[in-house]
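Grab a pencil and work through these exercises with the picture beside you. Try each task before you read its solution.

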Amino acid sequence: VIDAPAFHDGQWVGLEPQPEWSGNPTSRRIVAHRWTHGASSWVVVANLADLPAQCFLPLQLPDLGGRRWRLRDALGPASYVREGDELMRQGLYLDLPAHGRHLFEFQPVGPAQEER
């Protein structure tokens, strides 16, 4: 994964996790970063605490809208399909266990790819 051009020639942005609900401070336990290179986008998130944490993660990717996206976790078997318009509106919802982490590659989903 670290050989992907996004990690060497791409643009890095630090992301700011937002509380899942008012009064939930657990988003402060999460760190997140994004790399983009051309049409390739990757997001890494980690819960640095020994307790669970939740957040909405604003992705700041203008090309998300109007399509579905597969978020494939390069660190494990997880794969999720999400609506781009929803990701733009509220961000990516995360509920991470203690020391949980993901390295998501964003892939556009076409009609034949919608099923997992």
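## Exercise 1: Follow the sheet

An open sheet of six strands runs in the order β1-β2-β3-β8-β5-β6, and its pairing is antiparallel. Before you start, note that this is a predicted model, where local features need pLDDT of at least 70, side-chain atom pairs count only at pLDDT 80 or more, and totals for chains, interfaces and linings use all residues. Residues are numbered from 1 along each chain as its sequence is written, and side-chain values use heavy atoms, with hydrogens and water left out.

**Task.** Find the edge strands, then look at how β2 and β3 are joined.

**Solution.**
- Step 1: Get the terms straight. Strands are DSSP runs (E, at least two residues), numbered from the N terminus, and two strands pair if DSSP finds at least two bridges between them.
- Step 2: Check the ends of the order. The edge strands are β1 (11-15) and β6 (79-83), each pairing on one side only.
- Step 3: Look along the sheet. From one strand to the next, the twist averages 25°, with axes being lines fitted to C-alpha atoms and angles running from 0 to 180 degrees between N-to-C directions.
- Step 4: Zoom in on one pair. β2 (residues 30-37) and β3 (residues 40-47) run antiparallel and are joined by eight bridges. Within β2 and β3, V31 stands opposite A46.

## Exercise 2: Sort the rings

**Task.** Work out why F56 and Y93 count as a tilted pair, then how Y80 and F104 are arranged.

**Solution.**
- Step 1: Use the rule. Rings of Phe, Tyr and Trp (its six-membered ring) pair if their centres lie within 6.5 Å; planes under 30 degrees apart are stacked, over 60 edge-to-face and the rest tilted. That gives four aromatic pairs.
- Step 2: Apply it to F56 and Y93. Their ring centres are 5.4 Å apart and their planes meet at 55°, so the pair is tilted. This pair links distant parts of the chain, with F56 in β4 (residues 53-57) and Y93 in β7 (residues 92-96), 37 residues apart.
- Step 3: Check exposure (buried is under 20% relative accessible area, exposed over 50%, partly exposed in between, with a 1.4 Å probe and protein chains only). F56 is buried at 18%, whereas Y93 is partly exposed at 37%.
- Step 4: Now Y80 and F104. They are edge-to-face, 6.2 Å centre to centre with 75° between the planes. Y80 sits in β6 and F104 in β8 (residues 101-109), so the pair ties together parts 24 residues apart in sequence. Y80 is partly exposed at 28%, while F104 is buried at 3%.

## Exercise 3: Look inside

**Task.** Which residues cover the two faces of β4, and which members of the largest nonpolar core touch the most others?

**Solution.**
- Step 1: Turn β4 around. A53, C55 and L57 on one side and Q54 and F56 on the other are all buried.
- Step 2: Find its partner. β4 and β7 pair antiparallel over five bridges, and C55 has L94 in β7 as its bridge partner.
- Step 3: Define the core: buried Ala, Val, Leu, Ile, Met, Phe, Trp, Tyr and Cys residues joined through side-chain atoms within 4.5 Å. Of the 20 residues in the largest one, L57, L59, L92, L94 and F106 touch the most other members.
- Step 4: Spot the other core. Apart from the largest core lies another of five residues, among them A4, A6, W35 and W42.

Methods. Helix = DSSP H or I, 4+ residues; strand = E, 2+ residues; numbered from the N terminus.
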